Structures are given as structure tokens and as C-alpha cells.
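Student: I should like to learn how a structure of this kind is read, from the overall fold down to single residues. Could we go through it together?

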Amino acid sequence: MTPQDIDLDGRRFAGVTNSADGEVGQATVFTYRQDGEVIWAEYGGGAVVRGYLVGTRAGEVLRFRYSHLGTDGQTSGGVCESTIEVTGDGRVRFHESWAWESRPGSGTSVVEEIR
């Protein structure tokens, strides 16, 4: 199966790695939804109380905006572009480049499907 063939609807993911400016970690769990080219997710755990993302998918690339409430009581938001990879065991992995819009900072992260 190629990254373009993967349906993300209902798949759950967790953070694997993140840059120092990021708040998503291994305890952060995402539940993705997909309807054609439209994607969205709810996430939380670790430093994130509750978060949402919404955007579009073009083949193996996701482009979205995210917004969340941190455990510090602050709201934050930004933009992200993710590229889909299918692992050797058939799980989905996202390689992400992101940037805060609500404060300084940007980075890269990896988020991987939980089974």
C-alpha cells in the first residue's frame, strides 16, 4: 500500500519526536478523520489539554492549522505540513514541519500510528 492509498479516517497517532519549541510528545494522542481531501483531528495528552486541527490532503501531503490549550492554561496555534510514510509493518507515520503563529518558534516532528 502506498501513502496515497491510505485512508486516515479513525486512525490514532502519538508523538514520537519533536523539536524543542513543540508541545506534542509521546503522551499526546491524535484521532484523525478524513472525508475526501478534508482532514481534521482532535488531540490531547502530555502538555496538551485539548487540541484540534483542520486542513486538506493532497496525495501524501497534509496541510493544516492547529490550535490547542496547554496545561499551562495558554492557547496556542500554528500551521503544519505533514508527509505520509507507510512503515514496514503497515502503520502510518507523519513527518511534519510546523510553525507557531501565536508565538515565535518552529520545528519538525514525527507522529506515528498507534495499534
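Tutor: Let us begin with contacts. This is a predicted model. In the protein, among contacts between residues at least 6 apart in sequence, 36% join residues at least 24 apart.

Student: How many helices and strands does the protein have?

Tutor: There are eight strands and zero helices. Read from the N terminus, the order of elements is β-β-β-β-β-β-β-β.

Student: What radius of gyration would a compact globule of 115 residues have, and what does the protein have?

Tutor: A compact globule with 115 residues would have a radius of gyration near 13 Å; the protein has 13 Å, so the two agree. Along the principal axes, the C-alpha atoms fill a box of roughly 40 × 25 × 20 Å.

Student: What share of the residues counts as buried, and what supplies the exposed area?

Tutor: Of the 115 residues, 39% count as buried. The protein exposes about 6,000 Å², and carbon and sulfur atoms supply 49% of that area.

Student: How many charged side chains of each sign are there, and how far apart do the centres of the two sets lie?

Tutor: There are 17 negative and 11 positive side chains, and the centres of the two sets lie 3 Å apart.

Student: Let us turn to the strands. How should the two faces of a strand be read?

Tutor: In a regular strand, side chains alternate between the two faces of the sheet. Strand 2, residues 29-35, offers a case: F30, Y32 and Q34 form its covered face, while V29, T31, R33 and D35 form the uncovered one.

Student: Which strands pair with strand 2, and in what sense?

Tutor: Strand 1 (residues 12-18) pairs with strand 2 in the antiparallel sense over three bridges. Within this pairing, F30 in strand 2 is the bridge partner of F13. Strand 3 (residues 38-45) also pairs with strand 2 in the antiparallel sense, over seven bridges. There, Q34 has I39 as its bridge partner, and V29 has G44.

Student: What is found in the hairpin of strand 2 and strand 3?

Tutor: Two residues lie between the strands, and G36 takes a positive phi near 65°.

Student: How does the pairing continue after strand 3?

Tutor: Strand 3 is joined by seven bridges to strand 4 (residues 48-58), and the two run antiparallel. W40 stands opposite V54 in strand 4. Their hairpin has two residues between the strands, with G46 in the turn at a positive phi of about 65°.

Student: Which strand follows in the pairing with strand 4?

Tutor: Strand 5 (residues 61-70) pairs with strand 4 in the antiparallel sense over ten bridges, and T56 stands opposite R63 in strand 5. This hairpin, too, has two residues between its strands; G59 in the turn has a positive phi of about 65°.

Student: How many bridges connect strand 5 and strand 6, and how many residues lie between them?

Tutor: Strand 5 pairs with strand 6 (residues 75-86) over nine bridges in the antiparallel sense. H68 stands opposite S76 in strand 6. Four residues lie between these strands in the hairpin, where G73 takes a positive phi near 85°.

Student: Now for single residues. Why does V29 count as partly exposed?

Tutor: The class follows from relative accessibility: under 20% is buried, over 50% is exposed, and values in between are partly exposed. V29 counts as partly exposed because its relative accessibility is 25%.

Student: Where is V29 found, and which residues does V29 contact outside its sequence neighbours?

Tutor: V29 belongs to strand 2. Leaving aside neighbours within four places in sequence, its contacts are R12, F13, E42, Y43, G44 and I114. The C-alpha atoms of V29 and A14 are separated by 4.6 Å, although these residues are 15 apart along the chain.

Student: Is V24 buried or partly exposed?

Tutor: V24 counts as buried because its relative accessibility is 19%. V24 is found in the loop between strand 1 and strand 2. Leaving aside neighbours within four places in sequence, V24 is in contact with G15, N18 and F30.

Student: How far apart in space are V24 and D35?

Tutor: They are 25 Å apart, C-alpha to C-alpha, with a sequence separation of eleven residues.

Definitions and conventions:
Residues numbered from 1 in each chain as written. Predicted model: local features only at pLDDT ≥ 70, side-chain atom pairs only at ≥ 80, totals over all residues. Heavy atoms only, no water. Rg over C-alpha atoms; globule rule 2.2 N^0.38 Å. Buried < 20%, exposed > 50% of the residue type's maximum accessible area, 1.4 Å probe, protein only. Contact = heavy atoms within 4.5 Å. Areas by Shrake-Rupley, 256 points an atom, 1.4 Å probe, with all protein chains shown as cover. Lys, Arg positive; Asp, Glu negative; His and termini not counted. Charge placed at Lys NZ, Arg CZ, Asp CG, Glu CD. Pairing = 2+ DSSP bridges.
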